Amino acid sequence: MHIDVKNYVEEGLEREELTGLLKLLKVRPSQMIRESEELYKENYMHANHTEHEWLEILLQYPKLLKRPIVVYNDKAIIGDPVENIKKILTEYSIANEDKN
């Protein structure tokens with residue numbers, strides 16, 4: 001199994017990367033906010049933003065993104081809780097068994 005890791009909290013994401021992840025996850029930007037982050041609590045908790053504004057905020061402050069995000073083929077999941085990661089790894093294992 002080949003694993004690519006992107007530390008988007010440190011490195012950030014390009015607009016195309018983030019919009020691609022949102023499509024794979026089938027969520028809106030506002031659904032990806034880590035409400036436990038101090039940055040959110042101090043600056044955005046009581047704000048009323050559009051989805052476009054949330055997208056811009058996530059691009060500017062990637063630490064507000066829920067994490068980790070696991071991508072496999074054309075699927076993506078948020079790895080919290082950990083059971084979500086196990087689910088996608090199980091799909092990977094089954095797919096590889098089918099190839100043999």
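Is E37 buried or exposed? Keep that question in mind while you open the structure, which is a predicted model, and we will come to the answer at the third stop.

**What the tour follows**

Side chains of opposite charge can pair when their charged atoms come close. A search of the whole structure for such pairs, called salt bridges, finds seven of them, and the stops below visit some of these before turning to a lysine in a loop.

**First stop: E17 and K6**

Select E17 and K6 and show their side chains, which meet in a salt bridge with 3.1 Å from N to O. Because E17 belongs to helix 2 (residues 15-25) while K6 sits in the segment before helix 1 (8-11), this pair ties together parts that are 11 residues apart in sequence. If you now add a surface, you can look at how far each residue is covered: E17 is partly exposed at 29% relative accessibility, and K6 is partly exposed as well, with a relative accessible area of 34%.

**Second stop: R15 and E56**

Stay with helix 2 and select R15 together with E56, whose salt bridge brings the closest N and O atoms to 2.6 Å apart. Here R15 lies in helix 2 and E56 in helix 4 (residues 51-60), so the pair ties together parts of the chain that are 41 residues apart in sequence. R15 counts as partly exposed, at 36% relative accessibility, and E56 also counts as partly exposed, at 30%.

**Third stop: E37 and K63**

Next select E37 and K63, whose side chains form a salt bridge at 3.8 Å, N to O. The two residues link distant parts of the chain, 26 residues apart, since E37 is in the loop between helix 2 and helix 3 (38-43) and K63 is in the loop between helix 4 and strand 1 (69-72). This is the place to answer the opening question: E37 is buried, because its relative accessible area is 11% and buried means under 20%. Its partner K63, by contrast, is partly exposed, with a relative accessible area of 38%. Now add R34 and R67 to the selection, and you will have one network, in which R34, E37, K63 and R67 are joined by salt bridges that share partners.

**Last stop: K26**

Finally, select K26, which is found in the loop between helix 2 and helix 3. K26 is exposed, with a relative accessible area of 74%. To finish, select I77 as well and draw a distance between the two C-alpha atoms: K26 and I77 are 51 residues apart along the chain, and their C-alpha atoms are separated by 9.5 Å.

Methods: Residues are numbered from 1 along each chain as its sequence is written. This is a predicted model: local features need pLDDT of at least 70, side-chain atom pairs count only at pLDDT 80 or more; totals for chains, interfaces and linings use all residues. Side-chain values use heavy atoms; hydrogens and water are left out. A salt bridge is a side-chain nitrogen of Lys or Arg within 4 Å of a carboxyl oxygen of Asp or Glu. Helices (H or I, at least four residues) and strands (E, at least two) are DSSP runs, numbered from the N terminus. Buried means under 20% relative accessible area, exposed over 50%, partly exposed in between (1.4 Å probe, protein chains only).
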